[in-house]
Every structure is written in structure tokens, then in C-alpha cells.
Amino acid sequence: MIKIAVVGKMKNGALSELCSDYSERLSHFDKIQILEIKDSDTEREGEKILGALSGFRGRIYAMGEEGFETDSEGFSKILERDLLLGGSAFIIGGPYGLSDKVKKSAHSVLSLSKMTFTHEFARVLLLEQLYRAKSISAGSKYHH
């Protein structure tokens, strides 16, 4: 099981299509659930995120530029390990990031890059990397 909790809706049609495409591809490997949290202030968003993920048994990753980085093959191994624990959940914040409470509640903070992305771009990048990681585990030719 993969869960993605993200603050804000997809407003860019092209990016939304990419998310749909990668979500569909990813669903062939694992169940995926995307939880959209209405944007407000980071504390209120944080409460909604934590509520939405309460009871999740797997590992939770807050996405942030200050987090640890890994390559795609390493990410694949992380997801495989997480499957044994109940899956993986990822949290993408809104324009003002994530509250400290959310970051402290996560098992780890994971970085897609030291650069900052909009939540829409971050969602596309995360979904592509999730698909790539699952493809690596499955031995498909997507990752060269």
C-alpha cells in the first residue's frame, strides 16, 4: 500500500494528466491512495494530514528539501522493506511547507532535491519515482 497525502489540488491540467498516468501505471504494482488536503495554515493542514494517516501501519515520509536523498535503486529497496512493515506513506506540503509537528511525526524526511518545487511538481516527481522504484523491483526495463 502506498499513500500520498498532499496539500492542495492539481490545478495544472498537464501535470494532472501526468499524475493520472503514473498513478495508473503504479496501480499495477501496488494499491495507491492519494489524499488531498485543503490548503490553509500549516498547523491546520498538519492536523488534517495526521488525522488522515492515523492508523497507517507502514513507514511515513515527510517530503522536504532538508531530508535525506537516495537514488532510484536505493528508493526501490526502501519501498521493498516498507512493504514488510505495511507500506509507505508520503506527505507533500503546500506553499509554506509542512509543520514541525508533521515532520516530527514522520519516520523520516525525504528529499526529492535540494531545490524547492510546487506541490504539483513534487507530486509528479514522487509518482514517477515510485513507479520507477516498483519497476526496478519487478525487473522491468523502465529503469535503464
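This is a short tour of the strands, helices and salt bridges in the structure above, which is a predicted model.

**Stop 1: the sheet**

Start with a cartoon view and colour the strands. You should find five of them in an open sheet, in the order 2-1-4-3-5, with parallel pairing. Look next at the two edges, where strand 2 and strand 5 (residues 108–110) stand. Each has a single partner strand, so one side of each is left without a neighbour in the sheet. If you look along the sheet, neighbouring strands are turned against each other by 30° on average, direction ignored.

**Stop 2: strand 1 and its neighbours**

Now select strand 1, residues 2–7. On one flank, strand 1 runs parallel to strand 2, and six bridges join the two. Pick Ile-2 and you will see that its bridge partner in strand 2 is Ile-32. Move along to Ile-4, which stands opposite Ile-34 of strand 2. Strand 1 also pairs with strand 4 (residues 88–92), again in the parallel sense, over five bridges. Here the bridge partner of Ile-2 is Ser-88.

Show the side chains of strand 1. In a regular strand, side chains alternate between the two faces of the sheet. Which residues cover each side of strand 1? Ile-2, Ile-4 and Val-6 are on one side, Lys-3, Ala-5 and Val-7 on the other, and all of them are buried. With six of its six residues buried, strand 1 is largely enclosed by the rest of the structure.

**Stop 3: over helix 1 and across to helix 3**

To follow the path of the chain, select strand 1, helix 1 (residues 13–26) and strand 2 (residues 32–37) together. Strand 1 leads through helix 1 to strand 2, and this β-α-β crossover is right-handed. Then add helix 3, residues 72–85. Helix 3 lies across strand 3, strand 4 and strand 5, and it runs at about 150° to strand 3.

**Stop 4: salt bridges**

Time to show the charged side chains. How many salt bridges are there? The count comes to ten, and three of them are worth a visit here.

- Select Glu-36 and Lys-9, whose closest N and O atoms are 3.6 Å apart in a salt bridge. Glu-36 sits in strand 2 and Lys-9 in the loop between strand 1 and helix 1, so the pair links parts of the chain that are 27 residues apart. Glu-36 is partly exposed, at 37% relative accessibility, while Lys-9 is exposed, at 57%.
- Select Glu-47 and Lys-101, which form a salt bridge at 2.9 Å, N to O. Glu-47 belongs to helix 2 (residues 42–53) and Lys-101 to helix 4 (residues 100–105), so the pair ties together parts that are 54 residues apart in sequence. Both ends count as partly exposed: Glu-47 has a relative accessible area of 43%, and Lys-101 has 44% relative accessibility.
- Select Asp-82 and Arg-59, a salt bridge with its closest N and O atoms 3.9 Å apart. Asp-82 is in helix 3 and Arg-59 in strand 3 (residues 59–68), 23 residues apart. Is Asp-82 buried or exposed? Asp-82 is buried, with a relative accessible area of 0%.

For a last selection, go back to Glu-36 and Lys-9 and add Arg-123. These three residues are joined into one network by salt bridges that share partners.

Conventions: Residues are numbered from 1 along each chain as its sequence is written. This is a predicted model: local features need pLDDT of at least 70, side-chain atom pairs count only at pLDDT 80 or more; totals for chains, interfaces and linings use all residues. Side-chain values use heavy atoms; hydrogens and water are left out. A salt bridge is a side-chain nitrogen of Lys or Arg within 4 Å of a carboxyl oxygen of Asp or Glu. Helices (H or I, at least four residues) and strands (E, at least two) are DSSP runs, numbered from the N terminus. Buried means under 20% relative accessible area, exposed over 50%, partly exposed in between (1.4 Å probe, protein chains only). Two strands pair if DSSP finds at least two bridges between them. A crossover is right-handed if, with the strands pointing away from the viewer, the path from the first strand over the helix to the second runs clockwise. Axes are lines fitted to C-alpha atoms, for helices over the stretch in contact, and angles run from 0 to 180 degrees between N-to-C directions. Contact means heavy atoms within 4.5 Å.
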